[in-house]
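This report is written for someone meeting the structure for the first time. Please look over the sequence and the model before reading on.

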Amino acid sequence: MAQEELLRRAMAAYFRSGGTEQPSSSASGVQEVDGLTYVVLRNVNAVLSVYRLRPNGLLKGLKRWPKELSEY
């Protein structure tokens, strides 16, 4: 799945869930940690939201995520 498509879907889910701050498209991205794919939405201040890509292609919003994703 293309990174742009995953970012678009994650941003849509973020705003549907009540997110109010604007994610930065340059700071946000798709990262892989321990064989799992994550979509990380960031702005200049912090990580706004993290989604894990499930094997069936769905994005799962996370309340806790690997500390590697919090680092730039």
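The sections below go from the whole chain to its strands and then to single residues.

## The chain as a whole

The model is a predicted one. Its chain holds 1 helix and 4 strands. From the start of the sequence to its end, these elements follow the order α-β-β-β-β. With a radius of gyration of 11 Å, close to the 11 Å that the globule rule gives for 72 residues, the chain is as compact as a globular protein of that length. Along the principal axes, its C-alpha atoms fill a box of roughly 30 × 25 × 20 Å.

Of the contacts in the chain with a separation of 6 or more, 37% are between residues 24 or more positions apart.

## Surface and charge

How much of the chain is buried? Of its 72 residues, 35% fall into that class. The chain exposes about 4800 Å², and carbon and sulfur atoms supply 49% of that area.

The chain carries 10 positive and 7 negative charges. The mean position of the positive charges and that of the negative charges lie 10 Å apart.

## Strands E1 and E2

Strand E1 covers residues 29-33 and strand E2 covers residues 36-42. The two pair in the antiparallel sense, with 5 bridges between them. One pair of bridge partners is Glu32 and Thr37, the latter in E2. E2 is mostly covered, since 5 of its 7 residues are buried.

E1 and E2 form a hairpin with 2 residues between the strands. Asp34 is in the turn of this hairpin, and its phi is near 50°, a positive value in a residue other than glycine. The relative accessibility of Asp34 is 76%, so this residue counts as exposed.

Gly35 also belongs to the loop between E1 and E2. It counts as exposed because its relative accessibility is 58%, and the cut-off for that class is over 50%. Gly35 and Leu58 are 23 residues apart in sequence, while their C-alpha atoms are 16 Å apart in space.

## Strands E2, E3 and E4

E2 is joined to E3 by 5 bridges, and the two strands run antiparallel. They form a hairpin with 4 residues between them. E3 spans residues 47-53 and pairs with E4, residues 59-62, again in the antiparallel sense, over 4 bridges. The hairpin of E3 and E4 has 5 residues between the strands. Within this hairpin, Gly57 takes a positive phi near 95°.

Two residues of E3 can be followed from one pairing to the next. Val50 in E3 is the bridge partner of Val40, and Val50 also stands opposite Leu62 in E4. Arg52 in E3 stands opposite Tyr38, and Arg52 stands opposite Lys60 in E4 as well.

## Tyr51 in strand E3

Tyr51 has its place in strand E3. Is this residue buried or exposed? Its relative accessible area is 6%, so Tyr51 is buried; the class takes in residues under 20%.

Which residues is Tyr51 in contact with, leaving aside its neighbours within four places in sequence? Among them are Ala10, Ala13, Tyr14 and Ser17. Tyr51 is also in contact with Thr37, Tyr38, Val39 and Leu41, and with Leu59, Lys60 and Gly61. Of these, Thr37 is the residue named above as the bridge partner of Glu32, while Tyr38 and Lys60 were named as standing opposite Arg52.

Ser25 gives a further reference point for Tyr51. These two residues are 26 places apart along the chain, and their C-alpha atoms are separated by 15 Å.

## Summary

The predicted chain follows the pattern α-β-β-β-β. Antiparallel pairing links E1 with E2, E2 with E3 and E3 with E4. Two of the residues described mark opposite ends of the exposure scale used here: Tyr51 is buried, whereas Asp34 is exposed.

Definitions and conventions: Residues numbered from 1 in each chain as written. Predicted model: local features only at pLDDT ≥ 70, side-chain atom pairs only at ≥ 80, totals over all residues. Heavy atoms only, no water. Rg over C-alpha atoms; globule rule 2.2 N^0.38 Å. Buried < 20%, exposed > 50% of the residue type's maximum accessible area, 1.4 Å probe, protein only. Contact = heavy atoms within 4.5 Å. Areas by Shrake-Rupley, 256 points an atom, 1.4 Å probe, with all protein chains shown as cover. Lys, Arg positive; Asp, Glu negative; His and termini not counted. Charge placed at Lys NZ, Arg CZ, Asp CG, Glu CD. Pairing = 2+ DSSP bridges.
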